[in-house]
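Trainee: I am new to this structure and would like a close look at a single part. Please start from one charged side chain and work outward from there.

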Amino acid sequence: MNSRTHKLENVLLVAMLFLASVGASAQGMTNTAFKSGEYLSYNLYFNWKFVWIKAGNASFSTTMTRYKGQNAYKSSLTAKTNARADKFYVIRDILTAYCTGNLVPLFYTKNTHEGNRRNLDEVTYQFSGGKCHMKLRRRKTDGVNHYKNVVRNNSFDMLSIFLRARSWNPSGWRNGYKVGFNIVDGKNCNPAYIQYGGKTNVDGDNNRKYRCLKLSYYENEGKGYKRIATFYVTDDQNHIPILIDLNLKFGSAKAKIVNIRGNRYPIRA
């Protein structure tokens, strides 16, 4: 992920990084936020020359399944631009991750079709000696595979951090408060942090208004921290992303909630 443009398919995923705790390890923790069967869908919008147009849709689902003989949560995200947006930039992405029932990451894969770029990312996790050992693989558009081994704590892919982080409680956060972690994909493991910006009301694309936590996501790809997005998540036990504002090289993008079903708790926000 060497360009903000390449993060377009993550317009939802950046919103999922909102509650990772400083110093959090990959040890298990209790899931208090979601249940198997949760499904979220979004409309995607691009801004060109001060005009917002609907650019496509995305969805996120979580189910309980089996992975290598053990019970595991399977989370899947799909993102797709529509015919109008395809004229500018094509996105057809599928991301999948497996975590244990107590939210320890096991495996992550991302099939990417963005513009003329087609990549496959994979991350396999193993834990020993108090460390997280990650095997990274990226197959690029030319078909060549690139491998890397990384050993680090407090590291998650985009989907596993979503599942894990939703159970953290931000009630003691103040404006400007930061939480840090590492984000891993098939190529790199980069430091990142979230900065809290208070609460506000946000409209969804489902004719509903939500009380949300406002957060900004920063990532360091080797040239210092850059703000990637501002996003808003429900101020209740579900911590569901409602709206995401994303900064891109060619303009701006938004994702707005359309449908929520299978949520663990009634939405109190």
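**Starting from one lysine**

Mentor: Happy to! Let us begin with Lys-187, which sits in the loop between β10 (178-184) and β11 (189-203). Before going further, please keep in mind that this is a predicted model: local features need pLDDT of at least 70, side-chain atom pairs count only at pLDDT 80 or more, and totals for chains, interfaces and linings use all residues. Residues are numbered from 1 along each chain as its sequence is written, and side-chain values use heavy atoms, with hydrogens and water left out. The names of helices and strands come from DSSP runs (H or I of at least four residues for a helix, E of at least two for a strand), numbered from the N terminus.

Lys-187 has a relative accessible area of 31%, so it counts as partly exposed. Buried means under 20% relative accessible area, exposed means over 50%, and partly exposed is in between (1.4 Å probe, protein chains only). Lys-187 also has company: together with Lys-140, Lys-148 and Arg-152 it forms a positive surface patch. A patch is made of residues with over 30% relative accessible area and no salt bridge, with like charges joined within 9 Å and nonpolar side chains (Val, Leu, Ile, Met, Phe, Trp, Tyr) within 5 Å. Lys and Arg count as positive here, Asp and Glu as negative, while His and the chain ends are not counted.

Now for charges that do find a partner. Side chains of opposite charge can pair when their charged atoms come close. The structure holds 11 salt bridges, a salt bridge being a side-chain nitrogen of Lys or Arg within 4 Å of a carboxyl oxygen of Asp or Glu.

Take Glu-38 and Arg-166, whose closest N and O atoms are 2.6 Å apart in a salt bridge. This pair links distant parts of the chain, with Glu-38 in strand β1 (residues 38-48) and Arg-166 in the loop between α2 and β10, 128 residues apart. Both Glu-38 and Arg-166 are buried.

Another bridge brings the side chains of Arg-137 and Glu-122 together at 3.2 Å, N to O. Here strand β7 (residues 131-139) supplies Arg-137 and strand β6 (residues 117-128) supplies Glu-122, and the two are 15 residues apart. With a relative accessible area of 19%, Arg-137 is buried.

Asp-235 and Lys-199 make a further salt bridge, their closest N and O atoms being 3.1 Å apart. Asp-235 belongs to the loop between β13 and β14 (241-248) and Lys-199 to strand β11, 36 residues apart. Asp-235 is buried because its relative accessible area is 18%, whereas Lys-199, at 53%, is exposed. Elsewhere, salt bridges that share partners join Asp-121, Arg-138 and Asp-185 into one network.

Stay with Asp-235 for a moment. Its C-alpha lies 8.2 Å from that of Tyr-210, although the two are 25 residues apart in sequence. The loop that holds Asp-235 also holds His-239. The phi of His-239 is near 50°, a positive value in a residue other than glycine, and His-239 is buried, with a relative accessible area of 8%. Leu-103 likewise has a positive phi, about 70°, although it is not a glycine. You will find Leu-103 in the loop between β4 (92-100) and β5 (105-114), buried at a relative accessible area of 0%.

One more lysine deserves a visit: Lys-226, in strand β13 (residues 225-234). At 42% relative accessibility it counts as partly exposed. Lys-226 and Ala-192 are 34 residues apart in sequence, yet their C-alpha atoms are 9.3 Å apart in space.

Finally, turn to the nonpolar interior. A nonpolar core is a set of buried Ala, Val, Leu, Ile, Met, Phe, Trp, Tyr and Cys residues joined through side-chain atoms within 4.5 Å. The largest one has 65 residues, and Met-134, Leu-215, Tyr-217, Phe-231 and Ile-242 touch the most other members. Helix α2 (residues 158-165) gives the most to this core, with six residues. Apart from it lies another core of five residues, including Tyr-67, Ala-72, Tyr-98 and Leu-106.

How values were computed. Accessible areas come from the Shrake-Rupley method with a 1.4 Å probe; for residues, only the protein chains shown count as cover. The place of a charge is taken as NZ of Lys, CZ of Arg, CG of Asp or CD of Glu.
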